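Let's take a walk through a protein model together, starting with the whole chain and ending with a few aromatic rings. Keep the 3D view open as you read.

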Amino acid sequence: MKVRFYSAVLSLALIGTSVSVDATSKEDLLKEQQEVESRLKETERLQNQTSEKLILTKQERKEARAQLNEVNSRLDDLALKIADQQAAVAASKEQLRLTEAAISETLKELHQQEELLGSRLRAVQQKGDVKYIEVLLDAKDFGDLISRFSTVSEIIKQDDHVLQAYKGNVKQLSEQRSEQALLLESMKREQRKLLVLQTRIIAESELKRKLVVQLNTKVKELQQEQFSKAEEAEILADQRRLIQNELIALQEAERKAKEEAKRKAEEAARAAEAKRQAEAAEAARAAEAKKKKSDAPSAEPTIPEVESPTATPEQPADAVTSRPFHLPVQGYVSSPFGPRNNPLTGKPEIHKGIDLVNAKGTPIHAAAGGIVLRAGSATGYGNVVMVTHLIDGQVYTTVYAHLDSISVSAGQTVMPGKTVGTLGTTGWSTGPHLHFELHKGEWAVGQPNAVDPAPYIF
C-alpha cells in the first residue's frame, strides 16, 4: 500500500523522498477544497441565522420578563389592596360587634328601667299612683301640696324623659347596626371582587412565567446550536487550511519537479553536445587514420565498440488493499455502527461510529498516518482528536472521541500507531470507551460521510 501525503513536511518525514506530482490528486484536492468552502459557507450562513434567532429570542424573552414583572407588580398592588380590604372588613365586623353589644346593653338597661318605672307610670297614666297620692295627702298646707305636686310631676316627667331617651338610643343604635351591616356586606362584595381579580392576575402571571421559562429553554438551545455551529466552522476552517497547505505543497513539488526536469534537460543537452563533439572528433580521427592507412601497409581491422544499453530499474507496483487502517485500541464493541437507541436519551438514532470498551487511561493509537486536523474539546465528543489521511488518492478522516487526555496537537504529523490520547468518558458518555468514526472524505456537518469502520480495519 502506498500512502501519499501531499505536504512537504509529510513527504520528508514519512516518505523521505521527493514529492511526486499527481494531477489527478491535485484535481481531487481542488474538488475537496471547493466542497469544504461550500460547507463552510453553509455553516456560516446557518450560524448567522442562529445568531439572528438568538437575538430575536432574547428580545422576546426580555419583553416577556418585562410583562411578567408588570403583572407581578399589579399582583403585589392588588395584594396590598386585598390586605387593606380585609383589615377594613375586620374593623367593620368589630364595629358591628361593638354596636350590637351596645344595643344589647342599652336594651338590658331599658328593660331594667321599664321594670322599675313601668308599673308606676302605667298607674299614673291610667288611674294614678297610690304612693304619689299619699305623698300629696301628707302635705301640711296648700303651699306644701303645690310643692309636692310639682315634685311628683317633675319626677314623672323625668322618668318618662329617661325612658324616651333610652328608646331613642335603642333606635339610633339599631339604625347604626343596619348601616354597619350594609357597609360590611358592601366591603365583603368588594373583597370578593378583588379576590376574583387576584385569581385572574395569578393565572396571567403563570402564563407569562411559563412563556419566560420556554424562552429561557429556547435561548439555551440556540446558544448550544450557535456553539456547535462555531465548532463546526472551526473544524471546516481547519480542513480548508489543511487542503490549502497540501495544495501549496503540491505547487512547490510541481515547481521543484519543473526545475529538476529543466536541470535534467540541460544536462541531457550538454551531454548530447559533448557526445556530438566527441563523435565529431572521433570521426575526424577515423578519417585521419584511414588516410594514413591508405598510405601505410595493411593492419588488422578494428572492431567498433558497441554502447551497452542503460538498464532501467523496474519500479515496484503499489500494494493496494481495502483495509488500510489499524484498530486504534483493543476492546470489545459495545455499540456497532448503525441504528440504535441513544443510551442517554433513549431515542432512536444512527450511531455514526463504533464504541470500543477498555479501561480508562488505555493508550489510543492513530489508525493510519496523517495530519491532526483537530485536537481539543467539542460538544458531544468531549476531548476529541481528528486526523486527516490521504490514501491512494482518497481522503479519509478518523475521529477519536471521549478521550481522557490528548497527546497531539492540531497540524501535527502522526505515523500509524502513534499515541494520540488515552481512553476516557468525557462528553456525552455513559462510561469509559473510545467512540471511533471513519469518514470517507472530509469531516462534514451532520456526519454524512461516516462509514462503518469495520470493513476498513485489519
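Two residues count as being in contact when they have heavy atoms within 4.5 Å of each other. With that in hand, look at this predicted model: among contacts between residues at least 6 apart in sequence, 70% join residues that are at least 24 apart. The chain has 458 residues, and 32% of them count as buried. Its secondary structure comes to four helices and 13 strands. As for the outside, the accessible surface is about 28,300 Å², with 54% of that belonging to carbon and sulfur atoms.

Now for the inside. In soluble globular proteins, nonpolar side chains tend to be buried together. Here, the largest nonpolar core has 24 residues, and Phe325, Ile364, Tyr400 and Leu434 are among those with the most contacts inside it. Strands S4 (354-357), S7 (382-391), S8 (394-403) and S12 (434-440) each give two or more residues to this core. Apart from it lies another core of nine residues, including Leu373 and Trp443. Try clicking on Leu434: setting aside residues up to four places away in sequence, Leu434 touches Pro328, Ile354, Ile364 and Tyr400, among others.

Next, the strands. Strands of a sheet pair through backbone hydrogen bonds, either parallel or antiparallel. Which kind of pairing does the open sheet S5-S11-S9 show? It is antiparallel. Strands S5 (363-365) and S9 (405-406) are at the edges, so to speak, each pairing on one side only. Two bridges join S9 to S11 (residues 419-422), and one of the partnerships is Ser405 with Thr422. Elsewhere, S2 (residues 338-341) and S3 (residues 348-351) run antiparallel, joined by four bridges, with Pro339 partnered to Ile350. Six residues sit between these two strands in the hairpin, and Gly346 takes a positive phi near 80° there.

Finally, the rings. The model has three aromatic pairs. In one of them, Phe325 and Tyr396 meet edge-to-face, 5.3 Å centre to centre with 80° between the planes. Why does this pair tie together parts that are 71 residues apart in sequence? Because Phe325 lies in the loop between helix H4 (142-295) and strand S1 (332-335), while Tyr396 lies in strand S8. Tyr396 also pairs edge-to-face with Tyr456, at 6.1 Å and 65°. That link spans 60 residues, as Tyr456 is in the segment after strand S13 (450-451). Phe325 and Tyr396 are buried, and Tyr456 is buried too. Together, Phe325, Tyr396 and Tyr456 form one aromatic cluster.

Conventions: Residues are numbered from 1 along each chain as its sequence is written. Side-chain values use heavy atoms; hydrogens and water are left out. Buried means under 20% relative accessible area, exposed over 50%, partly exposed in between (1.4 Å probe, protein chains only). Accessible areas come from the Shrake-Rupley method with a 1.4 Å probe; for residues, only the protein chains shown count as cover. A nonpolar core is a set of buried Ala, Val, Leu, Ile, Met, Phe, Trp, Tyr and Cys residues joined through side-chain atoms within 4.5 Å. Two strands pair if DSSP finds at least two bridges between them. Rings of Phe, Tyr and Trp (its six-membered ring) pair if their centres lie within 6.5 Å; planes under 30 degrees apart count as stacked, over 60 as edge-to-face and the rest as tilted.
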